[in-house]
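Visitor: I am new to this structure and would like a close look at a single part of it. Could you take me through that part slowly, together with what packs around it?

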Amino acid sequence: MTALLRIDDVSVHFPIRKGLLQKQVGEVRAVEGVTLSLQRGEAFGLVGESGCGKTTLARTVLRLVDPTLGAIWFDGTNISDLRGKALAPYRKQVAAIFQDPFSSLNPRMTSGQILSEVLHVHAFDGSIPDRVSELLSLCGLAPRFADLYPHEMSGGQRQRVGIARALALDPELIVCDEAVSALDVSIQAQIINLLEELRVKFGLTYLFIGHDLSVVRHLCDRLAVMYLGRIMETGTSDEIFSSPRHPYTQALIDAVPAPDPDGEDAREHVNLAGEIPSPLDPPSGCVFHTRCPIAFSKCATDVPPLQRLGGHHAASCFAIDQNKKTTDPKIRNAKSQ
């Protein structure tokens, strides 16, 4: 596999302005020094707590937000500085599926009109009605759905229309921003299966943003764990879930409840102290050190590099010994349930 998307040391800062002259008085550091690569044809997961910068990074990849620092490379081309019409070819190759299928679809348009609009805007060369029928069929919807408005469909059906819209121009990369989190569990399974089928059929690459670790593990080949705008750990799904090395990753996985109530009661849990710091004033050094149970003095002053641990596995932590799961027995190698 070759890299389709490369995020190279990207930071995204939002200025805070006040007063009549809109003087900048601070900035929100939503994403800080993120470097990732997505291989062609893979599903890459991005997980973390709310507010960690996942969606901001996704919007930056979609070029809905400009990176403050760093570069984004797509198929060997730097698209970070492209503007206006120069972005048109990129818009055809990258699509998005959003979290809430009701708010992401125009309530005044039928699903057929929603799909046709994409094709009209990008001057589709072919029969638009035939393409609309084809897209609906690919996503498991009958032709009659072309005449239905969003409020006349269920949540799962609306999300299928959203997926059909993302497929309209045969993109190479689809950004799935919490694409199943607003759906019922039974519907989630259907949508996940559909995404897997489409990926195999069309060779799609997914950047899957999520917080449900079981969904991410099922769908994604590799994943990255984010905390307060920075990458804490990366690796294959098996590496991350069978042998989490960063204390934050271990705590996330440990928080997944066991299916057996008796087993859940018997488990010792890793409890993180405190709240997530504000991105307005992130901690110095390792941004996780204020909540980390094994932090020491160096963690408060220096930023740990993302060190390789073998295979695709890497983690950003000074306390990691490559021959051990952790340097402290309080943080266990939490197994995925």
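In what order do the 8 strands of the open sheet stand, and what kind of pairing do they have?

Guide: Please keep in mind throughout that this is a predicted model. The sheet is an open one in which 8 strands follow the order 6-7-8-3-9-10-12-11, and their pairing is mixed. At the edges stand strand 6, residues 94–97, and strand 11, residues 307–310; each has a single partner strand, so one side of each is left without a neighbour in the sheet. From one strand to the next, the twist averages 20°.

Within this order, strand 9 and strand 10 deserve a slower look. Strand 9 covers residues 222–227 and strand 10 covers residues 230–236; the two run antiparallel and are joined by 6 bridges. One residue pair can be picked out by name, for Met-226 has Ile-231 in strand 10 as its bridge partner. Helix 9, residues 247–254, packs on the sheet and touches both strand 9 and strand 10, with a direction that makes about 105° with that of strand 9. Another helix, helix 6, residues 185–202, lies across strand 3, strand 6 and strand 8, and runs at about 160° to strand 8.

A side-chain contact comes next. Glu-42 lies in the loop between strand 2, residues 23–39, and strand 3, and its side chain is joined to that of Arg-222 by a polar contact of 2.6 Å. Arg-222 falls within strand 9, which spans residues 222–227, so this contact connects the loop that holds Glu-42 with a strand of the sheet. With a relative accessible area of 2%, Glu-42 is buried, because that value is under the 20% cut-off.The aromatic rings add to this picture. A search of the whole structure finds 4 aromatic pairs. One of them is formed by Phe-74 and Tyr-90, an edge-to-face pair with 5.2 Å from centre to centre and 80° between the planes. Phe-74 lies in strand 4, residues 69–74, and Tyr-90 in helix 2, residues 88–93, so the pair ties together parts that are 16 residues apart in sequence. Phe-74 is buried, with a relative accessible area of 3%, and Tyr-90 is also counted as buried, at 4% relative accessibility.

Another pair leads back to strand 9. Tyr-227 and Phe-288 form an edge-to-face pair, with 5.1 Å between the centres and 85° between the planes. Since Tyr-227 belongs to strand 9 and Phe-288 to the loop between helix 10, residues 261–266, and strand 11, the pair ties together parts that are 61 residues apart in sequence. Both Tyr-227 and Phe-288 are buried, and ring pairs link these two residues with Tyr-248 into a cluster.

Notes
Residues numbered from 1 in each chain as written. Predicted model: local features only at pLDDT ≥ 70, side-chain atom pairs only at ≥ 80, totals over all residues. Heavy atoms only, no water. Pairing = 2+ DSSP bridges. Helix = DSSP H or I, 4+ residues; strand = E, 2+ residues; numbered from the N terminus. Axes fitted to C-alpha atoms, helices over the stretch in contact; angles between N-to-C directions. Contact = heavy atoms within 4.5 Å. Buried < 20%, exposed > 50% of the residue type's maximum accessible area, 1.4 Å probe, protein only. Polar contact = N/O pair within 3.5 Å; in protein donor to acceptor, adjacent residues only side chain to side chain. Phe/Tyr/Trp six-rings, centres within 6.5 Å; stacked < 30°, edge-to-face > 60°.
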